Amino acid sequence: MEGVKMVKPRGFRIAARALRQLGAELITSDEIALNELIKNALDAGSKRVRIDINNPFKLSRTNLVTKLISSTKQLTKSEILEVIEDCIDENSPPLFLSDYVSRIEFSDPKKISSLVDEMYNDLCSITISDNGVGMGEEQLQNSFLVIGTPSKWIDKQSDTDSELLGEKGVGRLSMMRLGRYASVSSGKAESKYNHEINFDWSLFDDPNLYLDEVDVPVTKGQSKIAEEQGTSILVKGIYAHWNRAKVSSFINEYLRRLQNPFSERNRFPIDVYFNGTRQPIERIYSWFKKAANFSALIQFTVEKTGELSLRRELTWRGKTSPEMRLWTEKDLLRELGNNDQSNFHSALVKKTLTELGSIKLDLLWFNRSDLNGASIDYSSSQIREELNLWCGGYAIYRDNFRIGMTGSLEDDWLKVDTGSLKSKGFSFNRYQTVGALSITQKNNPLLLDAANREKLINCNHLDLLKDMLTELVNKDLKSHIEYFKNNEVKKASSEATAQETLEDAKARLKRARESATSLRKSVGKEQQLVVKEIEHVLKSQYENIRKYEHAMLLSKEQRIEVLELAGLGMVVDKVVHELARLTEQTTISLLKLEKQGQNEDSSHLIKVIREQIKVTNKRIRTVDSLSPSGRNRKELFDLTKAVLAVIDGFSGRLSRHNAEILFTVDDQLTIRSFNVEMVLGLAALVLENLLANSIYWLQQGLFRGENKRKIYINIDTQSYTLSVRDNGPGIDPSNKDDIFRAYFTSRPKGKGLGLFICREIADYHQCSIYLDTMPEADGRLRTFVLELPKKN
């Protein structure tokens, strides 16, 4: 257009010093810098990476200068040399320090400072070398010198099995974090020469230069041996004082935790040399793992079919098999969806979990107040020292290499501790926990490293992962620790337990009766009939409890009577739970009836309510058969019918928990009579307790590979035994006797009396009850066997 000056558009130009600022922001520590260079070497296909750290000086630059100029008199050259030689590490190789000192004319502070700088720049260095594929001139120019090059990212997208550790193309900036000068030498197998790049990072400090104005040429280096390949990075003008203590700290506090301690890989792929001497890099010790109070493996799995599950296996010290807990997809969607049962929300949670991908968490938990008995070969101080090194919560490892400083005491990325970081004893916190959260590029592509490489980028998938760990896994672990603690201190008596249970039952029944009475006044005539039925059930059961209370007062002197009452109290507790649930559900159903009026749906609701009452009455009849008036008299009865009656009473609970019972006689589904002489109520009580235990544990998880909750009951008429087995988590063989002790329980709110009462009942009949000691495929025990009295 005439009269208008056209300006050629231009993009951003970057000042040279911006590169220095970028490196300082992204590479925030010497440890992170070396980690980046190590990952680059491994990504280049090198099987091992060698780090050579050379520093002959005991003192830092500043401290050595201060020592040389602190004298009140001017030092001669020989005196200067003597002071410097006193500050040399005794294990460093021979040095020719006199050559440096000979060039100084007098001990002026500026001259001394220049002398020390010259020596440190020449004699201190860090070299990272590998035998990977190497780079030729073209790659050095167009890839290595291109900040943010996408080559690794492209490789990751094209190769789903790739385990490349880097992708952002900024790791090479780590060189400027370590020292002022760097020299990169690299060559490919087919090349006759290495090619080199030399950096003086101070050139990038010039505020008047743009990045493209700093000349960094690629030059031909020395000739090399045929087929030799790899890259070497030499850093000089080292900023930090890498003395023996700093190298040791780097190895113990960072390098040892750089690789996943629970990985199956045997050899640590990094070699560190200090002043020419190789430094040991110990992996996590096997004895340290054994010293943990418990170890746990948590696996979130996305199956090829799309099914989701979360499985926890926890093994206490001294046990031979793990305790198991399983969250099904339904459980996960309910728990992680904040109880929002809408189809849309559940679908969104499932989509995010599926995209998150399969994840594994290994952890060790230590009771710091209980380290003395952890190992007979290692002292508590040794265990504590190692724990201090590894503790910090859950470190995140991508393809077995740690992300930043996650899992250290300084990084509570999961917000585990709320004011109890340094608590000891039965407390779940990072101070007592060593954990490794394993993710992979292949399975978890949406969990991305932050630009500074110290954590993961915040996103919906990370938020859901945090929820899963805090709301499900950590709460479950805390619960385990709590009831283990309770087992250690729980003291009560069976009589007191029965009395407390009856008192609680009375209070709950009273509230239920008041609720039903109030409800009857607010509903129509047809619904009132249903409510009256409920009131009748509650009233009769309340009267039963009063009879049981009276019987308890009259029978404190006889062991079997107290035993019966303790067991009865437990059964009453279960029935009252059924009644309370029935009252609550009935109230909800009747309110629906009141709102929607009389229609087809209302008649269906009434049928549902009546069915609920019918099931509850079955449970009440079970309790009636256990009443004190008829329980302590032995009689000949059909055990098959007694078992069927108990199963019938459990039909409601079995239905709610999606469990089924397979009852056989002599392993045959054809049921036939079998008479035994026992106390009917006590025999029923044993089966009640065993079935209640099975139903609870089946909710916690299933035997690996099974997906339906099953309980198997069998009467063996030849051996006179009744066996009960389920396909739940099972019991560790070391607990086979403990579970029958009074007050021993593995349930968070368990009283620890159910199986104890079962054993007492067996003893009363001069029989026994035990766990079949033949372990199943996972090493756990699952079959209870009750011996039956044989005919005279």
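This passage describes the overall make-up of a predicted model, its confidence, one of its pockets and two local features.

The chain comprises 792 residues, 51% of which are buried. Its secondary structure amounts to 24 helices and 22 strands. Among the contacts with a sequence separation of 6 or more, 73% link residues 24 or more positions apart. The surface exposed by the chain comes to about 39100 Å², with carbon and sulfur atoms contributing 49% of that area.

Confidence in the prediction can be summarised by a mean pLDDT of 80 for the chain, with 77% of residues at 70 or more. Two stretches deserve some care from the reader. Over residues 152–158 the pLDDT falls below 50, although the model places 14 contacts between this stretch and residues beyond its near neighbours in sequence. Residues 491–496 likewise have a pLDDT under 50, and here the model shows nine contacts beyond four places in sequence. Predicted coordinates should not be read in detail where pLDDT is low.

Attention may now turn to the second largest pocket, whose volume is about 970 Å³. Its lining consists of 32 residues, and those nearest the centre are Leu326, Trp327, Thr328, Asp331 and Arg709. Two or more lining residues come from each of the strands β9 (294–302), β10 (308–316) and β11 (323–327) and from each of the helices α12 (329–336) and α23 (680–700). Of the contributing elements, α12 provides the most, giving five residues to the lining. Sorted by class, the residues around this pocket include 14 that are charged, 11 that are polar and seven that are nonpolar.

Strand β2, which spans residues 125–130, contains Thr127. Thr127 counts as buried because its relative accessibility, 15%, is under the 20% cut-off. Which residues does Thr127 contact, leaving aside neighbours within four places in sequence? The partners of Thr127 are Arg50, Ile51 and Asp52, together with Ser232, Ile233 and Leu234.

Helix α24 covers residues 754–764, and its buried residues include Gly754, Leu755, Ile757 and Cys758. Further along α24, Glu760, Ile761 and Ala762 are buried as well. In an α-helix, residues three or four places apart point the same way, because each turn takes 3.6 residues. After α24 comes Gln766, which has a positive phi near 60°.

Conventions:
Residues numbered from 1 in each chain as written. Predicted model: local features only at pLDDT ≥ 70, side-chain atom pairs only at ≥ 80, totals over all residues. Heavy atoms only, no water. 1 Å grid on protein atoms, 1.4 Å probe; cavity = no way out; pocket = protein on both sides within 12 Å on 5 of 7 lines; lining within 4 Å. Points joined across faces, edges and corners; volume = space filled by probe spheres on them. Helix = DSSP H or I, 4+ residues; strand = E, 2+ residues; numbered from the N terminus. Nonpolar A, V, L, I, M, F, W, Y, C, P; charged D, E, K, R; others polar. pLDDT = per-residue confidence, 0-100. Contact = heavy atoms within 4.5 Å. Buried < 20%, exposed > 50% of the residue type's maximum accessible area, 1.4 Å probe, protein only. Areas by Shrake-Rupley, 256 points an atom, 1.4 Å probe, with all protein chains shown as cover.
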